[in-house]
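Biologist: Before I go back to the bench, I would like to learn how to read a model like this one step by step. Could we look at it together and take one feature at a time?

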Amino acid sequence: MALESVRGMWDTAFIASFCHFFKIECEIEELELELSTAGNEAPALDRLMIQFLTNLYGKEGYVHPGNLAQRLREVVDEHLEDMEPAWVNPLQPTGAGGRHVPFGELEPAVRTRLLRNLCEWQLAESRALKKKVDSLRKDSPASRTQLLTRLG
């Protein structure tokens with residue numbers, strides 16, 4: 001049931017389109033499966049989040065498997081300050097003596113929404129992605145048309 005739920009979310013389509021447009025290696029079926037399955041073993045999802053966080057930080061090698069959870073918490077904390085106050089970081093501990101919640105233990109819908117937020121934050125802040133979009137605008141009339149073509 002969780003797999004169908006993840007597949008039915010528009011956030012999943014957004015992530016897939018984002019990866020396709022920016023040529024970020026991502027097998028969407030594998031990503032859907034890992035988003036829908038609880039647990040900490042999600043190599044495709046980890047690779048994708050490392051790529052997304054690297055784009056946000058702008059530093060190659062700054063995010064790696066050993067510090068992925070910490071960097072993800074930092075980025076989410078930083079960006080949630082600017083969002084509606086009702087949205088708290090689901091990765092942070094709650095209550096006295098609480099522990100950090102691993103990404104893999106979050107509900108599939110929350111994991112998917114966080115991954116979509118990472119895409120949006122990259123669009124707003126990543127110099128590398130902005131350069132990619134600017135280069136597409138300048139390359140040719142055909143690439144400009146690609147940027148402006150409606151999806152539906």
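**Reading the model, feature by feature**

Modeller: Let us begin with a pocket: helix 5 gives the most to the lining of the second largest pocket, with four residues. Please keep in mind throughout that this is a predicted model.

Biologist: How is such a pocket found, and what is the volume of the second largest pocket?

Modeller: The general idea is that rolling a probe the size of a water molecule over the atoms shows where empty space is left. In this structure, the second largest pocket has a volume of about 290 Å³, and helix 4 (43-57) and helix 5 (68-80) are the elements that give two or more residues to its lining.

Biologist: How many residues line the second largest pocket, and which lie nearest its centre?

Modeller: The lining of the second largest pocket is made up of 20 residues, with D46, L68, A69, F103 and G104 lying nearest the centre. Sorted by class, this lining has eleven nonpolar, five polar and four charged residues.

Biologist: Stepping back from the pocket, how many helices and strands are there in the protein?

Modeller: The protein has eight helices and zero strands, and from the N terminus on its elements run α-α-α-α-α-α-α-α. Of its 152 residues, 38% count as buried, while its accessible surface comes to about 9400 Å², of which 54% belongs to carbon and sulfur atoms. Among contacts with a separation of 6 or more, residues 24 or more positions apart account for 54%.

Biologist: How should I read the interior, and which residues have the most contacts inside the largest nonpolar core?

Modeller: In soluble globular proteins, nonpolar side chains tend to be buried together. Here the largest nonpolar core has 32 residues, and F52, L115 and L118 are those with the most contacts inside it. At least two residues of this core come from each of helix 2 (10-21), helix 3, helix 4, helix 5, helix 6 (108-125) and helix 7 (127-139), and helix 4 gives the most, with seven residues. If you select L115 and leave aside its neighbours within four places in sequence, you will find L115 in contact with I15, L31, L35, L45, L48, M49 and F52.

Biologist: What can be read from a single helix, and which residues of helix 3 are buried?

Modeller: An α-helix has 3.6 residues a turn, so residues three or four places apart point the same way. In helix 3 the buried residues are L31, E32, E34, L35 and S36, and what covers them includes helix 1 (2-7), helix 2, helix 4 and helix 6.

Biologist: Why does S36 count as buried?

Modeller: S36 counts as buried because its relative accessible area is 12%, and the cut-off for buried is under 20%. Apart from neighbours within four places in sequence, S36 is in contact with A2, L3, V6, P108 and R111.

Biologist: Then let us compare two further residues: are L114 and E107 buried or exposed?

Modeller: L114, which lies in helix 6, is buried, with a relative accessible area of 2%. L114 and V76 are 38 residues apart in sequence, and their C-alpha atoms are 8.2 Å apart in space. E107, found in the loop between helix 5 and helix 6, is exposed, with a relative accessible area of 56%. From the C-alpha of E107 to that of L35 the separation is 8.8 Å, although these residues are 72 residues apart along the chain.

Note on methods
Residues are numbered from 1 along each chain as its sequence is written. This is a predicted model: local features need pLDDT of at least 70, side-chain atom pairs count only at pLDDT 80 or more; totals for chains, interfaces and linings use all residues. Side-chain values use heavy atoms; hydrogens and water are left out. On a 1 Å grid over the protein atoms alone, a cavity is a set of points where a 1.4 Å probe fits but cannot get out, and a pocket is an open set with protein on both sides within 12 Å along at least five of seven lines; lining residues have an atom within 4 Å of a point. Grid points are joined across faces, edges and corners, and a volume is the space filled by probe spheres set on the points. Ala, Val, Leu, Ile, Met, Phe, Trp, Tyr, Cys and Pro count as nonpolar, Asp, Glu, Lys and Arg as charged, and the others, Gly among them, as polar. Buried means under 20% relative accessible area, exposed over 50%, partly exposed in between (1.4 Å probe, protein chains only). Contact means heavy atoms within 4.5 Å. Accessible areas come from the Shrake-Rupley method with a 1.4 Å probe; for residues, only the protein chains shown count as cover. A nonpolar core is a set of buried Ala, Val, Leu, Ile, Met, Phe, Trp, Tyr and Cys residues joined through side-chain atoms within 4.5 Å.
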